[in-house]
Amino acid sequence: MEYDNEEYNWQPFLDVDAPFPGQVSPYATTVDETLTDIFSCLELKKEKDAIVDLGSGDGKIIHYAAIKYGIFGLGLDINPDLVAKAQRISTEQNVSHITQFLLKSFLDEDFDFSFCLAGQKRYPTVITMYLLPEALELLRPKLEEYVKSRSPNNNIIVISVLFKMEKWKPKRISDRGNVFYYNITSF
């Protein structure tokens with residue numbers, strides 16, 4: 001399967017002997033321009049919003065949200081080195097009190113998108129992911145169930161970087177065409 005995009009032209013792959021059981025996407029850090037694209041049309045409010053990044057890697061998306069907007073964030077990844085790096089950066093950036101990084105697969109049956117920070121259970125209003133189409137397809141039913149159950153006012157935004165969600169219609173696409181925004185009306 002080839003993935004062509006005017007700005008990106010590469011063939012993603014996973015080795016047969018992937019270093020992490022259950023790995024469904026390789027690690028790729030989010031570039032600064034993409035961070036700007038992700039957050040450019042979100043109106044985040046510190047007291048109301050929370051973000052979850054699925055396959056968070058080094059935590060760049062969560063750190064950006066915490067530093068720029070002061071919102072609570074959870075990052076999930078199955079690579080222990082990347083989780084440790086994300087936690088270290090949180091401490092260095094003085095946002096460890098509003099960020100959390102877990103060594104966990106977002107495909108685990110018991111993952112329900114919620115997390116506890118500052119003594120309170122939180123549910124995300126924004127879910128981000130930079131994953132291959134195959135991983136997005138595995139995640140799609142779980143996302144649909146969560147958004148339908150938690151979003152009576154269409155206020156949960158699901159963001160996919162670089163790849164579209166199959167069978168969903170984006171509510172918005174970034175100007176560069178690399179970030180896709182969805183909500184409950186997208187499916």
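The following exchange examines how terms are applied to this predicted model.

Modeller: Residues are numbered from 1 along each chain as its sequence is written. In this predicted model, local features need pLDDT of at least 70, side-chain atom pairs count only at pLDDT 80 or more, and totals for chains, interfaces and linings use all residues, while side-chain values use heavy atoms, with hydrogens and water left out.

Biologist: What makes a stretch of the chain count as one of the 4 helices or 11 strands?

Modeller: Helices (H or I, at least four residues) and strands (E, at least two) are DSSP runs, numbered from the N terminus. Helix α3 covers residues 80-92, and A84 is found in this helix.

Biologist: Why is A84 called partly exposed?

Modeller: Buried means under 20% relative accessible area, exposed means over 50%, and partly exposed lies in between (1.4 Å probe, protein chains only). A84 has a relative accessible area of 37%, and is therefore partly exposed. Its C-alpha lies 8.2 Å from that of F101, although the two residues are 17 apart in sequence.

Biologist: How do you know that β8 and β9 pair?

Modeller: Two strands pair if DSSP finds at least two bridges between them. Strand β8 (residues 126-129) and strand β9 (residues 157-161) are joined by 4 bridges and run parallel, so the criterion of at least two is met. V126 stands opposite I157, and I127 stands opposite V158. β3 also pairs with β8 in the parallel sense, over 4 bridges; there, I127 is the bridge partner of V52.

Biologist: What makes β5 and β10 edge strands?

Modeller: The open sheet has 7 strands in the order β5-β4-β3-β8-β9-β11-β10, with mixed pairing. β5 (99-103) and β10 (172-173) each have a single partner strand, so one side of each is left without a neighbour in the sheet.

Biologist: How do you know that both faces of β8 are covered?

Modeller: In a regular strand the side chains alternate between the two faces of the sheet. In β8, V126 and T128 on one side and I127 and M129 on the other are all buried. Across the chain, buried residues make up 49% of the 187 residues.

Biologist: Which strands does helix α2 lie across, and at what angle does it run to β3?

Modeller: Helix α2 (residues 60-69) lies across β3 (50-54), β4 (72-77), β5 and β8, running at about 165° to β3. Axes are lines fitted to C-alpha atoms, for helices over the stretch in contact (heavy atoms within 4.5 Å), and angles run from 0 to 180 degrees between N-to-C directions.
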